[in-house]
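User: Please take me through this model, with the cut-offs stated as each term comes up.

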Protein chains: 4
Amino acid sequence: MKANKVLFIGGDMRQIRAVNRIAECGIETAVFGFEDTEGKKLSECVNILYDIRDIYDSYDVIILPLPYTIDGETINISGLKYKINVKDFLSKLSQKSIIFAGKSDKMIMKIAEDYELKIIDYFDREELQILNAIPTAEGAIQIAMEETSFTIHSSKCLVIGNGRIGAILSKMLNGIGADVTVAARKQKDRAKVFSLGMKSISMVELYEKISEFDIIFNTAPNLILDSDMLMKSRRSVLIIDLASKPGGVDFETARKMGIKVIWALSLPGKVAPDTAGDIIGKTILNIIEEVEVKK
Amino acid sequence: MKANKVLFIGGDMRQIRAVNRIAECGIETAVFGFEDTEGKKLSECVNILYDIRDIYDSYDVIILPLPYTIDGETINISGLKYKINVKDFLSKLSQKSIIFAGKSDKMIMKIAEDYELKIIDYFDREELQILNAIPTAEGAIQIAMEETSFTIHSSKCLVIGNGRIGAILSKMLNGIGADVTVAARKQKDRAKVFSLGMKSISMVELYEKISEFDIIFNTAPNLILDSDMLMKSRRSVLIIDLASKPGGVDFETARKMGIKVIWALSLPGKVAPDTAGDIIGKTILNIIEEVEVKK
Amino acid sequence: MKANKVLFIGGDMRQIRAVNRIAECGIETAVFGFEDTEGKKLSECVNILYDIRDIYDSYDVIILPLPYTIDGETINISGLKYKINVKDFLSKLSQKSIIFAGKSDKMIMKIAEDYELKIIDYFDREELQILNAIPTAEGAIQIAMEETSFTIHSSKCLVIGNGRIGAILSKMLNGIGADVTVAARKQKDRAKVFSLGMKSISMVELYEKISEFDIIFNTAPNLILDSDMLMKSRRSVLIIDLASKPGGVDFETARKMGIKVIWALSLPGKVAPDTAGDIIGKTILNIIEEVEVKK
Amino acid sequence: MKANKVLFIGGDMRQIRAVNRIAECGIETAVFGFEDTEGKKLSECVNILYDIRDIYDSYDVIILPLPYTIDGETINISGLKYKINVKDFLSKLSQKSIIFAGKSDKMIMKIAEDYELKIIDYFDREELQILNAIPTAEGAIQIAMEETSFTIHSSKCLVIGNGRIGAILSKMLNGIGADVTVAARKQKDRAKVFSLGMKSISMVELYEKISEFDIIFNTAPNLILDSDMLMKSRRSVLIIDLASKPGGVDFETARKMGIKVIWALSLPGKVAPDTAGDIIGKTILNIIEEVEVKK
């Protein structure tokens with residue numbers, strides 16, 4: 001059976017967009033713990049719960065925030081006066097419910113196992129990752145525009161890495177007229193970049209050419225921009241690091257050299273929360289399409 | 001003979017870039033009235049004049065700022081403790097000098113006629129206008145990114161006008177994945193837009209479709225976005241007006257309707273002063289290449 | 001009054017498409033002298049005239065072929081057993097009719113003056129010229145693909161001229177991954193090319209760099225590729241000349257040097273007659289929209 | 001140790017380009033069985049063997065053609081008067097040699113195992129597959145241009161599949177102004193297409209929309225265009241099938257319906273043999289860089 005009763009627990013601006021997308025598809029949708037919900041624009045057909053006891057009703061799908069927890073103990077809800085413990089909450093749920101959690105970790109997987117619950121991490125879905133690369137790339141370009149006194153057009157831009165973010169970022173930079181080079185370790189990635197009409201270099205070549213670039217975008221999760229690389233870069237270069245912790249830049253050396261580095265994390269929610277919410281909504285809908293609900 | 005002695009009088013950050021470009025080409029270059037010149041980076045080969053009497057030496061080309069005057073009386077120099085009257089200054093120049101002035105007007109043309117001086121408006125050069133469209137378009141996109149909670153990618157963007165700015169702006173928006181429509185009055189402009197793979201509409205069609213757009217960029221120097229058009233637009237639309245005074249939007253109606261309008265003027269100097277300066281420098285070089293200097 | 005009775009006299013495959021476009025807009029449309037009309041697909045609502053006397057009925061607009069004459073004397077109709085003299089024909093028309101002629105010349109203009117007829121050359125319309133540049137550019141690319149043993153992608157392509165054809169051709173080449181350089185005489189044209197993210201060179205620079213190119217497309221109506229230029233080119237270069245007579249290449253020198261030159265004229269009708277016909281139809285509709293008919 | 005003595009056995013025009021690329025890198029290169037070698041342009045530094053006994057000398061790498069065999073028994077050499085049996089040949093080689101074979105199969109892998117030889121299939125390398133997608137896509141576009149009476153620009157093109165060929169083909173079509181839709185089964189592939197600014201549809205949606213398309217390019221290795229799909233297509237559609245055997249179209253139904261289908265296989269060697277040869281050469285060089293040779 002298809003899921004037709006869905007509950008969102010906790011959420012920011014993005015989650016409200018997601019709620020509305022689900023509700024507009026004719027799925028019975030309730031929310032709990034949406035901070036200051038009145039001020040935002042939940043669809044009229046969304047059922048807003050105020051009493052915590054109502055959340056234990058039978059829902060086919062229960063959707064926790066992205067990330068589902070910040071403190072590692074309670075659900076990530078900022079607007080409530082009390083906290084909801086993840087384990088307590090899950091322990092009270094029916095095994096018929098499927099839990100969608102953003103950035104699930106060992107803790108929640110262990111609890112799910114103990115209580116025989118099914119957990120799906122919607123943040124882990126490939127289409128979400130691909131779609132999220134769009135606002136990430138656009139946010140990176142916005143930062144580059146704000147932080148430079150020259151145009152991106154005809155500037156020499158380096159994109160390190162040709163994964164999801166690197167691929168769309170280099171395409172967008174090219175689309176506004178930048179002179180783009182992509183540094184990638186694998187032959188096949190360089191072949192792809194070449195086929196798309198851009199320049200590609202290996203990491204060895206990068207070391208020789210790094211001084212040419214006006215702006216460097218790092219998308220690789222490794223320390224590529226170590227002190228050796230930085231020492232060969234221009235002091236005037238702008239580095240935008242999009243790699244999650246621990247980042248891809250030797251920040252200390254950059255600071256000493258006076259190179260400006262901007263470590264830009266979680267861009268989708270910051271620069272385009274509506275788009276980020278639509279992406280979450282679309283992904284949740286895709287998952288709902290695929291899962292079978294027990295009745 | 002080719003010009004080989006050039007004097008810049010007054011200038012902002014852009015003009016410093018321009019000075020350096022000229023100086024790097026081996027032309028003897030002097031500056032006067034560059035506010036706080038020490039803090040910025042004039043090439044070492046540039047001769048900095050401190051005594052106003054030195055500016056009446058024989059220069060082949062004398063380059064006034066952009067715009068050459070703000071108050072309609074004195075030269076646009078912000079860093080001096082005294083003012084230089086345009087007429088006084090020009091009256092003392094040799095007729096062998098050619099004057100380059102940014103945004104020349106009737107006043108300076110009249111003075112030039114009286115004293116038989118040759119004036120060239122470098123801001124009026126077509127290549128400068130075309131090149132300036134690049135930072136203008138980029139600045140407009142930056143504003144759009146900053147002012148929206150969604151991505152430009154896949155948003156519905158309208159560009160009104162297909163002149164210099166409209167053409168490059170629509171290309172760049174397309175290049176980052178926007179869904180671009182260009183509104184233009186002339187069949188030939190719509191044919192051009194179509195040939196470049198984008199959608200085009202006439203002004204009559206615009207009236208029918210204006211409610212579809214998320215972001216509207218106006219580049220036309222007429223009041224296209226009058227109250228009728230605005231009444232049919234989304235309240236959530238973002239309007240970025242790039243038309244010079246009096247602008248292309250009924251600002252009063254937009255304000256009443258709660259539509260956000262940003263009137264973005266002189267973007268090149270604001271968002272990309274280095275690029276704007278390079279463009280001035282390149283244009284001045286082009287003119288110097290073309291003019292003959294009397295000896 | 002708007003034209004609502006239209007007669008097409010003579011035409012090839014393109015003209016049949018044009019006829020159908022007009023007829024589908026609800027305009028009463030008749031044709032005469034369409035060779036072998038039965039075999040092609042005229043809309044059912046088109047009235048086919050077989051008796052030459054019927055063509056002197058009162059039509060608001062009479063549309064002659066493109067070109068209206070080949071021999072300089074009779075109308076360009078290939079399927080009839082007899083010829084229709086241009087002057088005789090025009091002399092019998094009502095002065096209320098407007099004549100649309102493709103590639104009008106002094107002869108027809110003189111006749112029109114004598115008989116006080118209004119002639120409009122639809123081939124001369126700017127939107128037709130712009131739209132025709134699309135099949136011309138595509139045809140040039142098709143020839144380049146057929147005549148080379150390497151891909152256009154990543155080949156070094158030179159486009160001489162940045163007019164209507166040059167602009168769309170360089171964009172398309174760029175779109176399939178070629179390494180495009182545009183040679184243009186005017187600073188403003190080079191500025192435009194630069195703004196669109198491609199390389200541009202002056203004619204002086206071209207002389208220095210011409211040996212770099214794998215494929216040269218000429219769109220300029222002057223003899224740019226003279227023997228000096230050819231002597232500096234690669235013998236293996238492919239030259240596609242899109243300039244109308246007398247062409248832009250010293251064909252004799254090229255032949256002696258063994259350089260392959262393809263002089264590709266009238267591409268729209270050859271490589272994409274349907275598209276060419278749609279363009280004619282659209283342009284005729286535009287003109288009909290604009291003209292007033294006397295009643 | 002790096003390979004520094006290489007022998008090519010058998011080859012067509014592509015292989016000659018590959019030989020030259022290797023030789024130009026300073027690697028000692030010999031060839032045997034190159035049909036009509038004199039007429040083509042082997043680098044002067046290439047050593048041409050005429051006596052079959054010479055091929056058993058000690059070479060670090062021995063490169064067989066693409067495909068290495070056609071008849072499943074002998075090496076694919078067209079110019080010799082006698083045949084070389086694959087097994088006989090391999091049995092006489094030193095175990096120090098590494099064999100590069102195009103399209104290796106079970107037979108050669110078995111022989112290699114028996115004689116303890118190392119076989120590497122260069123056709124199987126991911127960078128070769130990616131690079132080969134370029135001439136394949138261009139060849140498909142050339143066919144589309146040749147077989148239609150309208151322009152690719154603004155025509156409605158469907159690309160089935162978003163693998164290596166689909167991705168570059170849709171980009172190129174978009175680059176010349178086509179209205180491109182990509183049909184893909186996986187959410188993540190559709191997300192990728194969307195991120196690149198093109199339309200994507202699922203296979204279910206394809207069934208609803210297939211009648212809209214002017215040209216269909218199939219790159220998927222499954223029978224997507226079965227009789228149901230064909231029945232819903234336009235009779236005037238052009239189908240270009242790029243899938244290897246058994247192909248992705250119900251050819252019989254298409255034939256009965258009068259739909260034109262072109263099954264275009266092995267395009268790189270046909271439409272751009274020089275580029276195809278460069279790709280082979282580059283890939284072989286990459287492999288040589290990576291392998292260690294026993295001494």
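User: How many residues does the contact take from chain A and from chain B?

Analyst: This is a predicted model, in which local features need pLDDT of at least 70 and side-chain atom pairs count only at pLDDT 80 or more, while totals for chains, interfaces and linings use all residues. Residues are numbered from 1 along each chain as its sequence is written, and chains are lettered from A in the order in which they are written. With two residues in contact if their C-beta atoms, placed from the backbone, lie within 7 Å, the contact takes 20 residues from chain A and 20 residues from chain B.

User: Which helix of chain A gives the most to the side that touches chain B?

Analyst: Helices are DSSP runs (H or I, at least four residues), numbered from the N terminus. Helix 4 (126-147), helix 5 (164-175) and helix 11 (273-290) of chain A each supply at least two residues of the side touching chain B. The most, 6 residues, comes from helix 4 of chain A.

User: What relation holds between chain A and chain B?

Analyst: Superposing by least squares on the C-alpha atoms of residues with pLDDT of at least 70 in both copies, chain A can be laid on chain B with an RMSD of 0.1 Å by a turn of 180° and a shift of 0.0 Å along the axis. That is the relation of a two-fold axis.

User: Which residue of chain A comes closest to the rotation axis?

Analyst: The distance is taken at the C-alpha, and it comes to 1.8 Å. The residue is A:Gly175.
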